[in-house]
Amino acid sequence: MAWLTLSLQLTWRALLAPTLAVDLLRVAWRFRHRHWYRRFPFLPLPATTYVRWRMYTAYGDEDAIPPADDVIAFARWVGRQP
């Protein structure tokens, strides 16, 4: 349920700031599973093992849910990259 809450928070913030929406979409596209189009449900979702590894390296817990502000800060940083 917490991932859904995070998604809703990010969606709301993206609706308020269209440039943030672009940055969040860019991050989502970078995190997608390499062969997402070969697996059901055929959506560009990240691999579960990759997300768990990222949460472990960032927060020290594989089951951590990042705060919306951390995701937004990362998305803004990605958006500034060439």
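This is a short talk on how the helices of this structure meet, and on a few residues in its helices and loops. The model is predicted.

I will start with helix H4, residues 68-80. Two helix contacts involve H4, and I will take them in turn.

The first partner is H1, which covers residues 2-16. The axes of H1 and H4 come within 10 Å, and they cross at roughly 50 degrees. The two helices are therefore oblique to each other. As for handedness, the crossing of H1 past H4 is right-handed. On the H1 side, the contact is made by Leu6, Gln9, Leu10 and Arg13, and on the H4 side by Ala68, Asp69, Val71 and Ile72. Sorted by class, the residues of this H1 and H4 contact are five nonpolar, one polar and two charged.

The second partner is H2, residues 18-31. Here the axes come within 8 Å and cross at roughly 90 degrees. An angle from 65 to 115 degrees counts as roughly perpendicular, so H2 is roughly perpendicular to H4. H2 brings Thr19, Leu20, Asp23, Leu24, Arg26, Val27, Arg30 and Phe31 to the contact. H4 brings Val71, Ile72, Phe74, Ala75, Arg76, Val78 and Gly79. By class, the contact of H2 with H4 has nine nonpolar, two polar and four charged residues. If you compare the lists, Val71 and Ile72 of H4 appear in the contact with H1 and again in the contact with H2.

Now two residues of H2. Is Asp23 buried or exposed? Asp23, in helix H2, has a relative accessibility of 10%. The cut-off for buried is under 20%, so Asp23 counts as buried. Setting aside neighbours within four places in sequence, Asp23 is in contact with Ala75, Arg76 and Gly79. These residues are also on the H4 side of the contact with H2.

Ala28 is the other residue, also placed in helix H2. With a relative accessibility of 40%, Ala28 counts as partly exposed. Ala28 and Ala75 are 47 residues apart in sequence, while their C-alpha atoms are 9.1 Å apart in space.

Next, the aromatic residues. How many aromatic pairs does a search of the whole structure find? The search gives seven. One aromatic cluster is formed by Phe31, Tyr50, Trp53, Phe74 and Trp77. Of these, Phe31 and Phe74 were named earlier, in the contact of H2 with H4.

That leaves the loops. Between helix H2 and helix H3, residues 48-59, there is a loop that holds Pro41. The peptide bond from Phe40 to Pro41 is cis, and its omega is near 15 degrees. Phe42 is found in that loop between H2 and H3 as well. What is the sign of phi at Phe42? Phi is near 60 degrees, which is a positive value in a residue other than glycine. Phe42 is partly exposed, its relative accessible area being 45%.

In the loop between H3 and H4 we find Asp63. Its relative accessibility is 52%. Exposed means over 50%, so Asp63 counts as exposed. Asp63 and Val51 are twelve residues apart in sequence, and the distance from C-alpha to C-alpha is 9.2 Å.

To recap the two aspartates: Asp23 in H2 counts as buried, whereas Asp63 in the loop between H3 and H4 counts as exposed. To recap the helices: H4 is oblique to H1 and roughly perpendicular to H2.

Notes
Residues are numbered from 1 along each chain as its sequence is written. This is a predicted model: local features need pLDDT of at least 70, side-chain atom pairs count only at pLDDT 80 or more; totals for chains, interfaces and linings use all residues. Side-chain values use heavy atoms; hydrogens and water are left out. Axes are lines fitted to C-alpha atoms, for helices over the stretch in contact, and angles run from 0 to 180 degrees between N-to-C directions. Helices (H or I, at least four residues) and strands (E, at least two) are DSSP runs, numbered from the N terminus. Angles under 35 degrees count as roughly parallel, over 145 as roughly antiparallel, 65 to 115 as roughly perpendicular and the rest as oblique. A crossing is left-handed if the near helix is turned anticlockwise from the far one by less than a right angle, and right-handed if clockwise. Contact means heavy atoms within 4.5 Å. Ala, Val, Leu, Ile, Met, Phe, Trp, Tyr, Cys and Pro count as nonpolar, Asp, Glu, Lys and Arg as charged, and the others, Gly among them, as polar. Rings of Phe, Tyr and Trp (its six-membered ring) pair if their centres lie within 6.5 Å; planes under 30 degrees apart count as stacked, over 60 as edge-to-face and the rest as tilted. Buried means under 20% relative accessible area, exposed over 50%, partly exposed in between (1.4 Å probe, protein chains only).
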